[in-house]
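Reader: I should like to go through this structure with you, part by part. Could you show it to me before we begin?

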Amino acid sequence: MTTLDTAASQPDTMEAVARVENLSITFRRGALNIQAVRGVSLEVRRGEILGLVGESGSGKSVLGMSLLGLLPGEPAPVTSGAVTVCGKDMLNGSAGLRRAVRRQHLGAVFQDPMTSLNPTMRVGRQVIEAAGSEDEAVRLLRAVGIPDATRRMASFPHELSGGLRQRVMIAMAIAGRPALVIADEPTTALDVMVQAQVLALLRSLRDEIGCSFLMITHDLGVAAQIADRIAVLYAGRIAELGPTATVLHAAAHPYSAALTRSRLSLSSERGRPLVTLPGEVPDPAGPPPGCPFEPRCALARDECSVTMPEPVEVAPGHLSACILPPGEVAAAFAPAPPASRITTLDEAAADVPAAPAGRPASAAAAEPAVAARVQDVAKTFRVKSGRRRVGLQALRGVSLQVAEGESVAIVGESGSGKSTMLRVIAGLERADRGGITLGRGAGPQMVFQDAGASLTPWLTVGALIGERLRHAHLGAAQRGERVEEALAHVGLPAHVARARATQLSGGQRQRVALARATVVPPEVLLCDEPTSALDVSLAAVVLNLVARLRRELGMAVLFVTHDLSVARVVADRIAVMYLGRIVELGPAEQVVASPQHPYTKALVRAVPDLGVTPAALPGEPASPLDPPPGCAFNPRCPVAEPACADPDFLPRLIKLRGEQDRTVACIRAEVN
Amino acid sequence: MAVAEPYIAPATPPARRGRPAILRAHGRLDVAAASLLVLVTLIALLAPVLAPHNPIQPVGLPMQSPGSGGFLLGTDSIGRDILSRVLFGWRSSWFAALAVIASGLLIGGLIGLVAGTLGGVADTVLMRITDGFLALPAPVVAIAVVAALGGGFVHTLIAVAVVWWPFYARIVRGEIRLLAARPHVEAARLAGAGRLRIAVRHLLPGAVPAAVITASLDVGNLVLTLAALSFLGLGQPQPAPELGADTAHNLTYLLQQWWIPVMPGIAVMVLALAANIAGDGVRNLLGDR
């Protein structure tokens, strides 16, 4: 470390590795001034993990870039305040000084390692560049838990899995023992289980190396796992800053309290609308004069819209930018949630459970009509691997039945085939084998993960929704009425019909996609991770909307997600998929509460939650290019037996004894 | 109750976000480019009115220097008014270029759209044909067409159009292939749109900017190509006023009466320059979507 001299000359920076003082950053976009950061002060202490939590547009990434001294130079943003790392000025310092600080004291991990690693260089060379020597590079790769590190040095980034790539990035970030590592959404692109592994790795690295981490994330659950302190950012300002436990469990700011409450967990209440945070983040080009959260705050008072509250200490080491006494906020959010703005009275009254727990599962008398039946469907894609063409086995014999009006969630990691299954049912892909039977109602409709990309950019919302009414023989006026009706149904005003997708926010686009899918209610609504790209507060709104539309329009819903906590609240039943097969199927609550398949158990344990340390299953997901013989899960299975790897063993879904509609595909269930 | 979640209107009306700011930043350039385009077209349209003399008949003493004898740009070797010849030549060059571009966009766009939408064998066959045309050199085709159909400006235009469309076919086809892989096309399929509807409503509009930008930057090229063909004697037959031909045939006077070949040459340059600036303007307008 070369900071000793600086530290000695400035004793007050001993504690803080990095310090941000009254920082404001404004970007010019033509005539607009985008105020990304507006007067933020915080410090990262030596050896601590500071979680920086905020929705998109909160300014959290810009803050991270300013600490790295990597704000865009051309056109340069207007800045004021101070950013120092190890006593060096990262805001106004020369490019050379900032580069030196980055080299000596800083490390960085970004969301997508594929774009931050050089695709044309072997990872070994890239790590050696950061580490200085080959031995050190191997040591670092071992330290971040890359198996067979010496051999991996010769791999190109694209030859590694997402988890391994992120580990390589982390190895490069901690090379040279930096004082501070900026990690910007390092686990967002990873599967739950790999995410749990990486979080555990970051925690252990902090303990071993003693460097500080600035953990930038949109997910309170992730920050809760790993951070010592949490700073909640809203519209470029600090809303709350304090020790993790305090911010999570005794929030003094209504925004952090609402964020915590709208977060989905495995214990969220099912069967009633989720608690949501209404509204959207204020426009950074013209934020309101008062408290930026005032328009969405359930506790807002008149004076909130006039003066902008500064973060003040409400307890030692606990700052909150709210004029209300912390006790009042805590009381308002603590026991029984107050009637939030969205849960309207009649909706609360018409509280038909999202999961009809009383569905007569065993009532053989009236077998519900089938909305979609998938029978032994297989699908193999031909893909290029190097110079050879190989088969990617996306689906390897899947059977599933969705009853009319039922909601089934398909859960799995990337590569499990869950999206392919939706696409086969939608008719976007043709199955190699097996059959799809659909109900007699309107054909299936799909809601995509990226709603923006699913809306033709040059057509108006009205034209897009109206397209589905073409065969209904309606006049232009009638068609317009139906479009407005559909928009109203998803909570959008009629004038949105004249807008184009590019003019809408992420939440509005997802609503438009839903309106388009339901203007003629389909028999089955297929949802492909519609919330995974949305902020926490928006995700809850969309999930509520899907539940309400399903109830009002009597649709069946097939909901693909990688997130068990989402699956649990949207679905009556959950199907867990692994490498192209369903490994467990049963009522949502039971699958989560008492998982039977070892894979489901591992999934449940890996879900990040407040106050729970997730247990990560070691190892990498197997490749659908070359599924392991026998039970595909056997190489990672903690309770695997030799018989599991027998190429002749084909795990079938078997009814669990004593439980009517639960099936598991595991050798242990067969033995029983 | 249909509306459960209140819709909170964004602070600024959505329609005013993003793009207008970009437009404003480039606004001045776009206005300049657009007015240039209008000016060039106006000159072409009004050439008969603007021209002070008959371009084909000798109207004064030969080889008068610019400004003398009331001839702004002087007279040529047989006493025709150069200004009038340049104006009429301007007119024919400009409209010829526009005609070839329009036909190229139409034919190339259609073939590119069909190939890009259908994919597979149709794509391969259409694109190989396109490649074949792409390999033809414009002057050779022009000579062949003129030889087959006889001389004449229209035949030259046909020849140029034959070699010009493949560029647009390639560009449109490439754009369509990119767009076809986007989710909005699948969403349209699920919404019940047929092949034709997807091609025309959900694919074609996305390829228009690229094609129009290329086309607008192409006008300058075409003016030069047409001038070059006239230069080779493949353009309008004498004595019709043609910028390229007038430059070529009068090169011998370059040292003594420089204005005779230089004036039409400058007109070609100005025309090409104006088209390129206008093309840049169009690109700024459409490219920043």
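Author: What follows is a short conversation about the domains, two loop residues and the second chain.

Author: Please note that this is a predicted model, in which local features need pLDDT of at least 70, side-chain atom pairs count only at pLDDT 80 or more, and totals for chains, interfaces and linings use all residues. Residues are numbered from 1 along each chain as its sequence is written, while chains are lettered from A and ligands numbered from 1 in the order in which they are written.

Reader: Thank you. Which domains does the assignment give for chain A?

Author: Domain 1 covers 4-227, domain 2 covers 243-349, domain 3 consists of 370-444 + 522-671, and domain 4 covers 450-521. These bounds come from an automatic or database domain assignment.

Reader: How many residues of domain 1 of chain A are in contact with domain 3 of chain A?

Author: On the domain 1 side there are 16 residues, in contact with 19 residues of domain 3 of chain A. Contact here means that the C-beta atoms of two residues, placed from the backbone, lie within 7 Å.

Reader: Which elements give two or more residues to that side of domain 1?

Author: They are α9 (192-209) and α10 (220-226) of chain A, and α9(A) provides the largest share, six residues. Helices (H or I, at least four residues) and strands (E, at least two) are DSSP runs, numbered from the N terminus.

Reader: And where is the centre of domain 1 of chain A relative to that of domain 3 of chain A?

Author: The two centres, taken over C-alpha atoms, are separated by 35 Å.

Reader: Changing topic, what is notable about phi of Cys86(A)?

Author: Its phi is positive, near 50 degrees, in a residue other than glycine. Most residues other than glycine have a negative phi. Cys86(A) sits in the loop between β4 (78-85) and β5 (88-89) of chain A.

Reader: Why does Cys86(A) count as buried?

Author: Cys86(A) counts as buried because it has 23 C-beta neighbours inside 10 Å. The cut-offs are 20 or more other C-beta atoms within 10 Å for buried, 12 or fewer for exposed, and partly exposed in between, with C-beta atoms placed from the backbone.

Reader: What about Glu185(A): buried or exposed?

Author: Glu185(A) is buried, with 20 other C-beta atoms within 10 Å. Its phi is positive, near 50 degrees, and it lies in the loop between β7 (180-184) and α9 of chain A.

Reader: Finally, how many helices and strands are in chain B?

Author: Chain B has ten helices and zero strands. Of its 289 residues, 41% are buried.
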